[in-house]
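Reader: I have a model open and want to learn how to read it. Can we take it feature by feature?

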Amino acid sequence: NSAKCGTGLSCALAVAGCSGVQSALDPAGGDAQRIYWLTVIMTVGGTLIFLLVTGLLLYAIFAAPERRAWLGGRRTIVVGGLAFPIVVLSVLLPYGLTVMRDTDVPTPGALPIEVVGEQYWWRVRYPAEQERGEFLTANELVVPVGRPVFVSVTSADVIHSFWIPNFGGKIDMIPGRINRLNFTAERPGIYRGVCAEFCGDQHARMAFDVIALEPEAFEAWRLEQVKPAREPDLPLLARGRELFRTGGCGSCHAVRGTEANGQFGPDLTHVGSRRTIGAGQFPNNIGTLAGWIANVQHIKPDARMPSYGSLTGEDLRALAGYLESLK
Ligand code: CUA
């Protein structure tokens with residue numbers, strides 16, 4: 001799913017890698033659009049004023065004394081030093097304040113999502129809504145196009161920061177405090193979110209996906225997520241399920257519908273349905289899952305999960321196959 005250049009500037013910067021799934025210059029929602037234009041106006045306006053001031057400075061230094069005399073005149077000081085800044089700042093202030101208006105009050109009808117930042121992943125909870133039950137997922141926000149989303153964020157350990165460049169806004173995740181953010185996805189697509197506050201050695205490996213789906217596709221996804229995990233239908237997968245149980249995976253991870261109900265790590269009830277593993281680090285498939293289980297401390301040192309390097313290749317295949325089957 002390739003994100004197209006939404007604006008001229010992002011096309012111009014595409015060669016510099018600024019366009020695509022993670023870009024503040026390719027806004028995909030209303031707030032991001034407003035922040036984008038504020039950035040453009042400030043950058044272009046600031047550049048013009050910088051060039052004007054630099055030009056006048058050079059003129060003051062190098063022009064003949066009788067030609068530059070007007071620079072020190074009263075009219076120049078009143079117009080350039082007083083009137084011009086007063087007019088420019090009087091226009092920019094209300095404009096800037098409008099763009100920065102509160103986004104932390106829920107828009108009526110908004111979809112609530114709760115996100116907890118943890119070293120180094122994202123716990124995502126969809127609270128119950130009308131007849132639809134609640135469920136947990138991780139490292140992925142699936143949202144419907146056109147409907148406002150109201151995200152409440154906090155942290156379980158240190159300060160993280162929740163940022164989806166394409167949707168604007170960036171908000172700190174602070175232990176013991178709940179911060180809030182509204183955004184609306186205006187076109188379907190996959191957008192990358194990141195942790196924007198240094199939170200430890202693996203800060204750079206703390207990303208997530210925002211998947212904006214058409215409303216019907218979103219409802220279908222939600223219906224699947226609410227269901228308990230499916231039972232394995234192949235001997236290999238049944239063996240994986242048994243290894244998951246005897247290996248103690250369930251003391252950290254929950255798989256709804258089984259005895260595994262650990263709350264420490266990511267909920268794995270539908271882990272097979274997610275795009276990536278390791279908080280946006282790898283595409284999700286049997287190979288990467290097996291590599292992750294066997295080698296996590298090598299791939300992401302400091303993650304809370306230990307490596308299970310003593311598993312045999314066959315056991316790993318069964319375990320990873322079981323997880324991958326949890327669609
Ligand atoms: Cu979490 Cu940086």
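Author: Start with the record. This is a predicted model. UniProt, in an unreviewed entry, places the feature "domain: Cytochrome c" at residues 235-327.

Reader: How far apart are the end C-alpha atoms of residues 235-327, and how much of the span is helix?

Author: The ends lie 17 Å apart. Helix makes up 42% of the span, and strand 4%.

Reader: At what angle do helix α6 and helix α8 pack?

Author: Look at the angle and the axis distance together. Helix α6 covers residues 235-246, and helix α8 covers residues 313-325. They pack at about 95°, with their axes 7 Å apart. Angles of 65 to 115 degrees count as roughly perpendicular. So α6 is roughly perpendicular to α8.

Reader: Which residues make the contact?

Author: From α6, L236, L237, R239, G240, R241, L243 and F244. From α8, D315, A318, L319, G321, Y322 and S325. Sorted by class, the contact has 7 nonpolar, 3 polar and 3 charged residues.

Reader: Now the cores. How many residues does the largest nonpolar core have, and which have the most contacts inside it?

Author: A core is a set of buried nonpolar residues joined by contacts. The largest one here has 39 residues. W122, V143, V153, F167 and V210 have the most contacts inside it. Strand β10, residues 207-213, gives the most to this core, with 4 residues.

Reader: Take V153. What does it touch?

Author: Leave out residues up to four places away in sequence. V153 then touches V115, G117, F162, I171, M173, N179 and L181.

Reader: Which residues does the second, separate core include?

Author: That core has 23 residues, including L237, L289, L319 and L326. Two of these names came up before: L237 of α6 and L319 of α8 are both in the helix contact.

Reader: Where does G291 lie? Why does G291 count as partly exposed?

Author: G291 lies in helix α7, residues 286-299. For exposure, count C-beta neighbours. Buried takes 20 or more within 10 Å, and exposed takes 12 or fewer. G291 has 18 inside 10 Å, so it counts as partly exposed. Its C-alpha atom is separated from that of C195 by 24 Å, and the two residues are 96 apart along the chain.

Reader: Which residues does the "transmembrane region" annotation cover?

Author: The unreviewed UniProt entry gives residues 35-64 and 76-97. Check each against the helix content. Residues 35-64 are 93% helix and 0% strand, with end C-alpha atoms 44 Å apart. Residues 76-97 are 100% helix and 0% strand, with end C-alpha atoms 30 Å apart.

Technical notes
Residues numbered from 1 in each chain as written. Predicted model: local features only at pLDDT ≥ 70, side-chain atom pairs only at ≥ 80, totals over all residues. UniProt positions renumbered as here; feature names shortened; annotations may be inferred. Helix = DSSP H or I, 4+ residues; strand = E, 2+ residues; numbered from the N terminus. Axes fitted to C-alpha atoms, helices over the stretch in contact; angles between N-to-C directions. Parallel < 35°, antiparallel > 145°, perpendicular 65-115°, else oblique. Contact = placed C-beta atoms within 7 Å. Nonpolar A, V, L, I, M, F, W, Y, C, P; charged D, E, K, R; others polar. Core = buried A, V, L, I, M, F, W, Y, C linked by C-beta atoms within 7 Å.
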